[in-house]
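Please walk through the aromatic side chains, the nonpolar core and two of the helices in the model shown here.

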Amino acid sequence: MSATVEAMPQSTKMMASEQVDHQLDMSQDSPQEWQRRIAGWSPKERAEKEKKFLRKIDLHLLPILIVMYIMNYIDRNALPQARIQGLEEDLGLVGSEYNIVLSVTFIGYILMQVPSNMMLGMVKRPSWYLSGVMIAWGIVSGCSGAVHNFAGIATCRFFLGITEAPFFAGVAFLFSGWYTRKELGMRLGIFFCGAMLSGAFGGLFAAGIAAAFKNNRIASWRWLFIIEGAATVVFAFCTAFIIPDWPSTTKWLSDEEKALGITRLIEDAGHEEEDIGTLDALKMASKDYRVWLCILGQMTVQAVASLTNFLPTLVKTFGFGTIETLLLTAPPYIVTALFCLFNTWYSDRTSKRSPHIIYPSAVCIVGIVITIATTNTAARYFALFLMLPGAYGCFQVSNAWMANIAARPQKKRAIALAMNNALGNTALVWTPYLYPASDGPRYTMAWSVNLALTVVTLATALVLQVLLKRDNKKMAELDAAGYSAEQGYSDKGKVEEMETTGATAGHLFGGAATLRTAKYDT
């Protein structure tokens with residue numbers, strides 16, 4: 001094969017002509033022979049083989065990562081559940097100290113996310129890397145059950161953010177080495193459902209812990225941290241031997257499947273650029289205004305979605321007991337998981353991204369307006385079924401959109417995905433202060449800010465849609481004139497305008513032989 005392998009770690013990359021020969025040990029047949037065989041398949045035969053390949057990858061990759069993500073979110077969201085079990089009183093937290101504890105979690109998360117993804121590009125075995133990270137956050141989470149004051153819980157939460165940071169961006173990066181862009185959004189949506197299911201399972205589990213250890217000499221919230229942390233560590237040791245790394249290094253794939261896995265990614269994402277430095281890739285991502293617009297939308301979505309950090313507290317204002325409150329937090333998460341699946345599936349099927357951010361945002365706005373307008377318990381609980389799907393329904397569509405916007409070169413995509421999550425999560429540093437206890441039960445300031453932020457999310461998606469359609473139109477005009485980024489074109493003005501803005505559109509789509517240029521999803 002003439003192109004480098006999509007999403008392989010940069011430390012294993014060689015010259016394009018040598019890359020696949022080194023990575024693929026195709027027994028008696030050369031990589032070129034496998035490529036010729038694949039090219040000779042009929043469309044029906046190719047579709048059947050790809051369907052079988054995808055089913056095999058989904059069964060091996062998705063379940064284990066979903067369980068890891070469920071445990072990730074359960075550990076992270078243990079704090080709000082511990083709060084209503086007496087954590088604040090036992091640790092003597094006063095004033096805004098609880099809000100500060102929430103903030104420092106995401107300070108650590110943000111500080112570590114981009115560096116961790118840069119390191120991931122140099123790791124030969126991301127399966128071991130992700131498993132090691134999981135062991136680390138499980139230990140830190142368990143230690144939270146042994147603290148006795150504000151300084152102790154704040155320190156634990158800071159390091160929890162540090163240790164959890166590499167996981168999500170790392171998984172998104174790993175997915176991009178297995179799935180085409182039309183498949184990526186749906187898989188990210190399925191994966192992200194783990195977070196929503198963790199909200200349901202976490203609430204049910206916390207209710208069980210609260211009931212089981214209600215009269216224990218060790219407070220139930222301490223058992224919550226200890227048990228969840230221990231389970232995470234035990235499970236993490238198993239994952240290192242289960243998670244596949246890349247198509248070309250996975251032993252349970254046949255030679256044909258390895259070649260198919262690589263070939264289809266080359267056809268989808270195009271010819272990889274020559275190897276560039278990490279700092280150069282960071283500069284490319286930083287000067288691309290499309291990347292920054294996507295990040296802005298992600299920041300506002302994350303800010304609104306941060307209401308889950310206070311969901312048990314918000315539900316408790318309805319006047320129910322501790323166990324009832326924890327149980328009532330589960331149903332909105334289940335509905336959100338189902339909606340996220342549908343939204344990302346339909347986004348992939350239509351290759352459209354902006355509508356699947358705009359419509360959920362509109363639904364979220366309705367939920368916020370209901371919450372502001374009334375104190376009726378039933379109406380406010382119903383509003384949660386609008387706000388959570390409306391906010392979280394946009395989340396994975398945004399990540400899939402970023403993977404398309406910054407698709408090439410590979411290092412730019414890795415950094416852009418990390419930027420999208422890291423900078424998006426900056427909202428979680430300041431949003432805890434929107435929910436001071438003194439504002440309960442209505443929390444008017446918080447909902448007013450959330451309303452404004454959701455409008456910004458909707459507007460950002462509209463603007464990005466218009467700009468990307470404009471770029472696609474320009475590339476169509478350049479295509480018609482025989483231009484490609486690799487071949488050159490006489491109209492220097494149009495070419496320079498596309499290239500100086502860090503455009504992904506315009507690079508050859510499927511290699512030089514296809515003479516097709518990549519276009520943006522809108």
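Tyr 69, Tyr 73, Trp 137, Phe 167, Phe 175, Tyr 179 and Phe 191 make up one aromatic cluster in this predicted model. One of its members, Tyr 73, also has a charged neighbour: the charged end of Arg 76 sits over the Tyr 73 ring, 4.7 Å from the ring centre. A similar arrangement involves Arg 83, which lies over the face of Tyr 98 at 4.0 Å from the ring centre.

Aromatic pairs number 20 when the whole structure is searched. Among them, Trp 221 and Phe 225 are arranged edge-to-face, with 6.1 Å from centre to centre and 85° between the planes. Both residues belong to helix H10 (residues 220–239), where they are four residues apart, about one turn of the helix. An α-helix has 3.6 residues a turn, so residues three or four places apart point the same way. Trp 221 is buried because its relative accessible area is 0%, and Phe 225 likewise counts as buried because its relative accessibility is 0%. Another pair, Tyr 435 with Tyr 443, is tilted, at 5.8 Å centre to centre and 55° between the planes. Tyr 435 and Tyr 443 are both buried.

Which residues have the most contacts inside the largest nonpolar core? This core has 131 residues, and those with the most contacts inside it are Leu 61, Leu 65, Phe 175, Phe 191, Phe 192 and Tyr 435. Domain 1 (1–22 + 33–268) and domain 2 (276–483 + 507–521) both give residues to the core, so it lies between them. In soluble globular proteins, nonpolar side chains tend to be buried together. Within the core, Leu 65 links back to the aromatic cluster: leaving aside neighbours within four places in sequence, Leu 65 is in contact with Phe 167, Val 171, Phe 175, Phe 191 and Ile 243. Phe 167, Phe 175 and Phe 191 are also members of that cluster.

Trp 137 of the cluster falls within the residue range of helix H7 (residues 126–143). At 1.5 Å a residue, the 18 residues of H7 should span 26 Å, and the end C-alpha atoms are 26 Å apart, so the two values agree. Helix H7 is mostly covered, with 13 of its 18 residues buried.

A polar residue is the last stop. Gln 298 is found in helix H13 (residues 289–305). Gln 298 counts as buried because its relative accessibility is 0%. Not counting residues up to four places away in sequence, Gln 298 touches Phe 395, Ser 398, Asn 399, Asn 420, Asn 421 and Gly 424.

Notes. Residues numbered from 1 in each chain as written. Predicted model: local features only at pLDDT ≥ 70, side-chain atom pairs only at ≥ 80, totals over all residues. Heavy atoms only, no water. Phe/Tyr/Trp six-rings, centres within 6.5 Å; stacked < 30°, edge-to-face > 60°. Helix = DSSP H or I, 4+ residues; strand = E, 2+ residues; numbered from the N terminus. Buried < 20%, exposed > 50% of the residue type's maximum accessible area, 1.4 Å probe, protein only. Lys NZ or Arg CZ within 6 Å of the ring centre and 35° of its normal. Core = buried A, V, L, I, M, F, W, Y, C linked by side-chain atoms within 4.5 Å. Domains from an automatic or database assignment. Contact = heavy atoms within 4.5 Å. Expected span 1.5 Å × (residues − 1).
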